[in-house]
2 protein chains.
Amino acid sequence: MPVTPAAPDSPPAGRARLADVAALAGVSVGTASKALNGAGRMRPETRQRVLDAVAQLGFSPNQHAQSLHTGRSWTVGLMTTDGIGRFSTPVLLGAEDALGAGKISVLLCDTRGDAIREQHHLQNLMDRRVDGIIVTGRRTDPRPPLPGVEGIPVVYALSPSTNPTDTSVVTDDRGGARLAVEHLVATGRTRIAHVTGPQHHAAARERARHTVEQLQAAALEPSTGRIHHGEWSEAWGRRATEAVLRTAPDTDAFFCGNDQIARGVTDALRERGVTVPDDMAVVGYDNWDTMALASRPPLTTIDMNLSEIGRIAALELLRAIDTEPRPGAHTVPCRLVVRESS
Amino acid sequence: MPVTPAAPDSPPAGRARLADVAALAGVSVGTASKALNGAGRMRPETRQRVLDAVAQLGFSPNQHAQSLHTGRSWTVGLMTTDGIGRFSTPVLLGAEDALGAGKISVLLCDTRGDAIREQHHLQNLMDRRVDGIIVTGRRTDPRPPLPGVEGIPVVYALSPSTNPTDTSVVTDDRGGARLAVEHLVATGRTRIAHVTGPQHHAAARERARHTVEQLQAAALEPSTGRIHHGEWSEAWGRRATEAVLRTAPDTDAFFCGNDQIARGVTDALRERGVTVPDDMAVVGYDNWDTMALASRPPLTTIDMNLSEIGRIAALELLRAIDTEPRPGAHTVPCRLVVRESS
DNA sequence: CTCGTCCAGGAAAAGGTTTGCCCGTGACTC
DNA sequence: GAGTCACGGGCAAACCTTTTCCTGGACGAG
């Protein structure tokens, strides 16, 4: 006695396949596909029958089958060079948002700054045939390009590639310094000190350089005659305050390389009885809310528009995928956020 | 004249396929596959020939084809309920790390707290046939379970599901309160105040409740006779300090619901000339380095081991995928980090 | 009435891998 | 010497969708 075969039209076991939809609509699989994708010509009534079947079965296409066929995975890799920190998070979210609008998902890869891990993740992304890769880091220093990614578009966000023919989206340190200095000058400050992070950080170096430039453009110079490099910490902000006031007691403004330093400065000033903003203006950098808002008074600061950097990186990547990459560094302007410290 | 066909064994255009490997090794595609996966029996020498061909061509299998066939995508979705913040980041990294070890990649979905967006992401994850989903939020309050995820394992991290038959991995508020109170009592404090966040946050409520319990276990009660609920901010910490010292001047320790409040307390104490830890001990919660270390003095605090929560959530998810889910809430113990404020 | 045109929809290949099943050969046993 | 067994390896189906090419029928024009 032969084994009884399953009923030919038994209810599909797991998720509905396109074949189930086609069967229900009484058309062939190919026609069902065309109905869904809008391609091919067919009677509106037929298309509607397919769409009804889709709705009834709760069908949605198997992306693996789609990707296998089309070669596109509708996925991009997001490699974070060095943990996911305060800086990379908004970048990441901006990118995710922009890509999500285009039906593209984000594969997260954290390298923890480890080259081995980076290579491993990269291989994984290639195996998954991602459509592109966004590389971001927690610092703005340039980084060596990803090795061995021929044929797949890459965009560097926040930390540009050292290769100028790669596409990078970076912050506008020059514009940030200009916004801060122009704001201070416009509000009547002339004896401006600059306290910032370690010299081996590009962010500190660049901002310092452009700060001096901007001061010169206003026929000014740093109140202490030099840049105060140190750490990105409140403690350094406090120490630097003492140093600055000892050297140049007539200083009337601090422009700080980040909000932590700025907060240290305001604390030190308050403890010395210097009132902000009346006796002294303080401007920070980063617009890191937990620092800028908790500071007393809340800090005027420069916002790098990090999520915009992520968004633009995503858009550049989409362009590179669909048409042509636009090589070079694309800068995203900063924004001055005025609060009560200036 | 007929068009010249491409040479039958022309160098493969894009990436090598298994067929190319098989051809080079002089075996069939099926055999090549078996050689790679260790399955099937074959002469070691044949297997080696295949492996050599793989190395020579730099072959790695097309994951879409694999997934299409096996139904497994080696991908899990990570849905963050409410942005990616201070709390979800370590959870996320812990999960990514644990999953990466198992060749599984993480698809990032940020819902921004929007139910529509959540549904949209969820559909996307289902279409991609993810093997499982981790849901995390930025608060510890329970959240309603993900709708319509029948047949796919879900683990909730940090914010448990309101459905007790779901698998959740949560922080141990009770243990955290116990660690803090026992530490304070062990160092001779008896007049302990508790200042924390808003009552409508589970984290504040739970920690407060267990703090009172633990004090009672030591035959103590809050120095002010009550819990001080407010905001999770430094400003509230400063205000609360005044209130506590007015009500109960003999208070000798503050246990705070988070590090921001604790930092506000230390600031207020210093400004009143109360020295920490000699006159007053202060213990925070979260071990948020930018707060705990920048505080003066650095804070003794409770670390929730967030990345461990992420790691365990990932392991529970792997278990649910491979074998059986373990329903219920799994708590991850906290850790006391002693610094100079106690 | 016949031929040509156009249109709706079907058939089938392709995309790359896994895996169950089968077969041929060489060796071993009785 | 014949039958059996085990081992190495090939064949082909299956996973699901897209897309190109093709066919049959209907309709219009001459």
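Helices and strands here are DSSP runs, with helices at least four residues long and strands at least two, numbered from the N terminus. With that labelling in hand, let's walk through this predicted model, starting at the DNA.

Take DNA strand C. H2 and H4 of chain A, along with H2 and H4 of chain B, each put at least two residues into the surface near this strand. H2(B) makes the largest contribution, at five residues. Altogether 24 residues surround DNA strand C, and the closest are A:Thr31, A:Lys34, A:Thr46, B:Leu18 and B:Gln66. Of the strand's atoms that come within 4 Å of the protein, 67% belong to sugar and phosphate. Sorted by class, the surface near DNA strand C comes out as nine nonpolar, ten polar and five charged residues.

Now zoom in on single atom pairs. On the chain A side, a polar side-chain atom of A:Thr31 sits 2.6 Å from a phosphate oxygen of DNA strand C. A:Lys34 goes for a base instead: a polar atom of its side chain lies 2.5 Å from a base oxygen of DNA strand C. From chain B, the side chain of B:Ser33 has an N or O atom 2.9 Å from a phosphate oxygen of DNA strand C.

Over to DNA strand D. Here 23 residues do the surrounding, and the closest are A:Leu18, A:Gln66, B:Thr31, B:Lys34 and B:Thr46. Sugar and phosphate make up 69% of the DNA strand D atoms that come within 4 Å of the protein. Which elements build this surface? Helix H2 (29-37) and helix H4 (63-70) of chain A, plus helix H2 (29-37) and helix H4 (63-70) of chain B, each supply at least two residues. For DNA strand D, H2(A) gives the most, with five residues. The class split for the surface near DNA strand D is eight nonpolar, ten polar and five charged.

The atom pairs at DNA strand D also involve both backbone and base. A:Ser33 places a polar side-chain atom 2.9 Å from a phosphate oxygen of DNA strand D, and an N or O atom in the side chain of B:Thr46 is 2.7 Å from a phosphate oxygen of that strand. A:His69 is the one to look at for a base: an N or O atom of its side chain is 3.0 Å from a base oxygen of DNA strand D.

Next, the empty space, computed over the protein atoms alone. The second largest pocket has a volume of about 910 Å³. It is lined by 32 residues, with B:Ser60, B:Pro61, B:Asn62, B:Gln63 and B:Gln66 nearest its centre. B:Gln66 was also listed among the closest residues to DNA strand C. The lining of this pocket draws on both chains: helix H6 (115-127) of chain A, and H2, H4, helix H5 (88-101) and strand E2 (105-110) of chain B, each supply at least two residues. By class, the lining of the second largest pocket divides into ten nonpolar, 15 polar and seven charged residues.

What about enclosed space? A search of the whole structure turns up one cavity of 30 Å³ or more. The largest cavity has a volume of about 180 Å³. It is lined by 14 residues, and the closest to its centre are A:His64, A:Thr75, A:Arg128, B:His64 and B:Arg128. H4 of chain A and H4 of chain B are the elements that give two or more residues to this lining. Its residues split into two nonpolar, ten polar and two charged.

A few backbone details in chain B deserve a look too. B:Val276 and B:Pro277 are joined by a cis peptide bond, with omega about 5 degrees. You'll find B:Pro277 in the loop between helix H10 (259-271) and strand E9 (281-285) of chain B. Another cis bond runs from B:Arg296 to B:Pro297, where omega is near -5 degrees; B:Pro297 belongs to the loop between helix H11 (289-292) and strand E10 (300-303) of chain B. Then there's B:Trp74, which has a positive phi of about 55 degrees although it is not a glycine. B:Trp74 sits in the loop between H4 and strand E1 (75-80) of chain B.

Finally, a word on confidence. Chain A averages a pLDDT of 90, and 96% of the residues score at least 70. Residues 1-12 of chain A are another matter: pLDDT stays under 50 there, and the model has one contact beyond four places in sequence for this stretch.

How values were computed
Residues are numbered from 1 along each chain as its sequence is written. Chains are lettered from A and ligands numbered from 1 in the order in which they are written. This is a predicted model: local features need pLDDT of at least 70, side-chain atom pairs count only at pLDDT 80 or more; totals for chains, interfaces and linings use all residues. Side-chain values use heavy atoms; hydrogens and water are left out. A residue is near a molecule or strand if one of its heavy atoms lies within 4 Å of it. A polar contact is a pair of N or O atoms within 3.5 Å; within protein, one must be able to donate a hydrogen and the other to accept it, and residues adjacent in sequence count only if both atoms are side-chain atoms. Ala, Val, Leu, Ile, Met, Phe, Trp, Tyr, Cys and Pro count as nonpolar, Asp, Glu, Lys and Arg as charged, and the others, Gly among them, as polar. On a 1 Å grid over the protein atoms alone, a cavity is a set of points where a 1.4 Å probe fits but cannot get out, and a pocket is an open set with protein on both sides within 12 Å along at least five of seven lines; lining residues have an atom within 4 Å of a point. Grid points are joined across faces, edges and corners, and a volume is the space filled by probe spheres set on the points. pLDDT is the predictor's confidence in each residue, from 0 to 100. Contact means heavy atoms within 4.5 Å.
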